[in-house]
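Work through the exercises below with the sequence and the model side by side. Try each task before you read its solution.

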Amino acid sequence: MGNNESAFFGDLHNHCNMSYAHGDLEDAIRNAQQRLDFVSVTGHAHWPDMPEATERTGHIVEFHEEGFEKLKRNWAGALEKLAAAERPGEFVTFPGFEVHSSADGDRAVIYRDPDGEILYPDSVPELDRRLAELKAGGRPAFGLPHHIGYHQGARGINWDTFEEDASPVVEIFSMHGGAETTEGPLPFLHSMGPADWRSTMQYGLAQGRVFGVIANTDHHSAHPGSYGHGMAGVWARELTREGIWAALMNRRTFALTGDRMRLDYRLGGTSMGGIRAPGRAEGLELRLEAGAAIDYVDIIHNNRLARRITPVDMRPGVAAPGAVATPAAAATPGAAPLGAAGAIRTKIYLEVGWGPRGRRAPWEVDFGITAGEIIEVEPRFRGPDVLTPEQDGDGAAGAFYSQCSCHDEHSVHFETITYGNPTSSTPGTQGVCLDVRIPLEAKIWARLNGVY
């Protein structure tokens, strides 16, 4: 806040068919470029304590082993493709791979520089030692704990072996669910099992662990940034490899479940991600821009709700006790007045889909406003919910089938494919959100497959 930083958005944990998963790496990169500022496309590499194959688990062991060997063959080519996709100031890439651990929880290993080797440690503590050696040798990398909430021993995190130097940030949300607490609104739903409270973010904090938080998709169909599956936010001085890396190392990070949001705060003189000694309470300065109208903001202290800030508290000139409502928080999108007579800044979201389950529906959409200006275009594109090679994958459309092809100050054109909502509680829609500044007399319009 006030230090010349900007918010950037990425996904550091997702998969494609360079190991076991679906979709080409080229499609994964193109999907990432649609929605993200930075990405690592991670391959499945190693599982030192993988359970022995049984009649029930034999197929799981088999596709993991095949995926590990496939990544070995594809690793050099993947490094080249990721490096070639980087555009400093526009799009940043990081190499990465995944190491499973039944005992201590999985890690995605992310390299800072565009090269690096696959590591084959016999445990997470051994991995952390290897990462320390790499850092000392001028080749920094870190281990990203992910889907941490599972039971310890069943690939949930082991906070007793967690090393802050090796893992400055922790993934607390992905398509597996939310691991902040076991009593939140985002349960674990994947077939790997339920969450355990001793593996949650709040439990780790209660043990005195220090870490920042991010979210990623863990998507398995070449869709980094798949909408609703998780996204990492960082505050960085520049969109470069060095800038994003510094933000991660300094824990200038926040976790998102869907829409792009911009969240930052300062407690006294300490910025988000910093460490301060216990002492007298000081004022909390909060900055928040959301993807839609804000329901509330919870302030948690020692894992307990200290304050709930409502939209009433966010009105200009109103501050919740113990907090300062900054102009950025007061101007959160939701038709907030901008000062100019008859003008507002807001967000307009158009999504398409529905229809019978499993039926393919192609869309060609033009969407815009008759007056004013589009400030930002946010694609909210999803990939299919597939995880293993045993599930149907790319189909005839491949993995790159949603794209914004052009836009100007008044309109955007996008094309996509939907297949209907898979359940009554799981959306399969696709859409685009426009951040706009418009006069009150402006009209919103859309043309869907040629029909206004």
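**Exercise 1. What covers the buried residues of H1?**

Solution. Bear in mind from the start that the model is predicted. Begin by finding helix H1, which spans residues 25-35 and whose buried residues are Leu 25, Asp 27, Ala 28, Ile 29, Asn 31, Ala 32 and Arg 35. Then look for what lies over them: the cover includes strand S2 (38-39), helix H2 (58-85), strand S11 (231-236) and S22.

**Exercise 2. Describe the surroundings of Arg 380, and decide whether it is buried or exposed.**

Solution. First place the residue: Arg 380 belongs to strand S22, which covers residues 373-380. Next consider its accessibility; because its relative accessible area is 2%, and buried means under 20%, Arg 380 is buried. Then list its contacts, leaving aside neighbours within four places in sequence: Arg 380 is in contact with Arg 35, Tyr 227, Asp 259, Gly 291, Tyr 349, Gln 430, Gly 431, Val 432 and Cys 433. One of these partners, Arg 35, is also among the buried residues of H1. Finally, take Tyr 227, which is 153 residues away from Arg 380 along the chain, although the C-alpha atoms of the two are separated by 5.3 Å.

**Exercise 3. Find Phe 8 and say which residues it is in contact with, leaving aside its neighbours within four places in sequence.**

Solution. Start in strand S1, residues 6-11, where Phe 8 is found. Its relative accessible area is 12%, so that Phe 8 counts as buried by the limit of under 20%. The contacts of Phe 8 are with Asp 37, Phe 38, Ala 232, Gly 233, Val 234, Ala 236, Glu 238, Leu 239 and Ile 244. For Phe 38, which is 30 residues from Phe 8 along the chain, the C-alpha separation is 7.7 Å. As a last step, follow the contact with Ile 244 to helix H5 (residues 241-249), whose buried residues are Arg 241, Gly 243, Ile 244, Trp 245, Ala 247 and Leu 248. Just after H5 comes Arg 251, with a positive phi of about 60°.

**Exercise 4. Which residues does Ser 174 touch, not counting residues up to four places away in sequence?**

Solution. Locate Ser 174 in strand S8, residues 169-174, and note that with 1% relative accessibility Ser 174 counts as buried. The residues that Ser 174 touches are Asn 216, Thr 217, Asp 218 and His 229. A C-alpha separation can also be given for Ser 174 and Thr 257, which are 83 residues apart along the chain: the value is 7.6 Å.

**Exercise 5. Set Ala 222 beside Asn 302, and state for each where it lies and whether it is buried or exposed.**

Solution. Take the backbone angle to begin with: Ala 222 is not a glycine, yet it has a positive phi of about 60°, and Asn 302, not a glycine either, has a positive phi of about 55°. Turning to position, Ala 222 sits in the loop between strand S10 (212-215) and S11, whereas Asn 302 is in the loop between strand S16 (297-301) and strand S17 (304-309). In accessibility, Ala 222 is buried at 0%, while Asn 302 is exposed, with a relative accessible area of 63%.

**Exercise 6. How many disulfides does a search of the whole structure find?**

Solution. Recall that a disulfide is a covalent bond between the sulfur atoms of two cysteines. The search of the whole structure finds zero. As examples of cysteines in the chain, Cys 16 is buried at 0% relative accessible area, and Cys 404 is partly exposed at 21%.

**Exercise 7. Why does the radius of gyration of the protein chain agree with a compact globule?**

Solution. A compact globule of 452 residues would have a radius of gyration near 22 Å, and the protein chain agrees because its own value is 22 Å. For the outline, the C-alpha atoms fill a box of roughly 70 × 60 × 40 Å along the principal axes. Within the chain, 52% of the 452 residues count as buried, and the secondary structure comes to six helices and 26 strands. To finish, consider contacts between residues at least 6 apart in sequence: 70% of them join residues at least 24 apart.

Conventions. Residues are numbered from 1 along each chain as its sequence is written. This is a predicted model: local features need pLDDT of at least 70, side-chain atom pairs count only at pLDDT 80 or more; totals for chains, interfaces and linings use all residues. Side-chain values use heavy atoms; hydrogens and water are left out. Buried means under 20% relative accessible area, exposed over 50%, partly exposed in between (1.4 Å probe, protein chains only). Helices (H or I, at least four residues) and strands (E, at least two) are DSSP runs, numbered from the N terminus. The radius of gyration is taken over C-alpha atoms; the globule rule is 2.2 Å times the number of residues to the power 0.38. Contact means heavy atoms within 4.5 Å. A disulfide is a pair of cysteine sulfur atoms within 2.5 Å.
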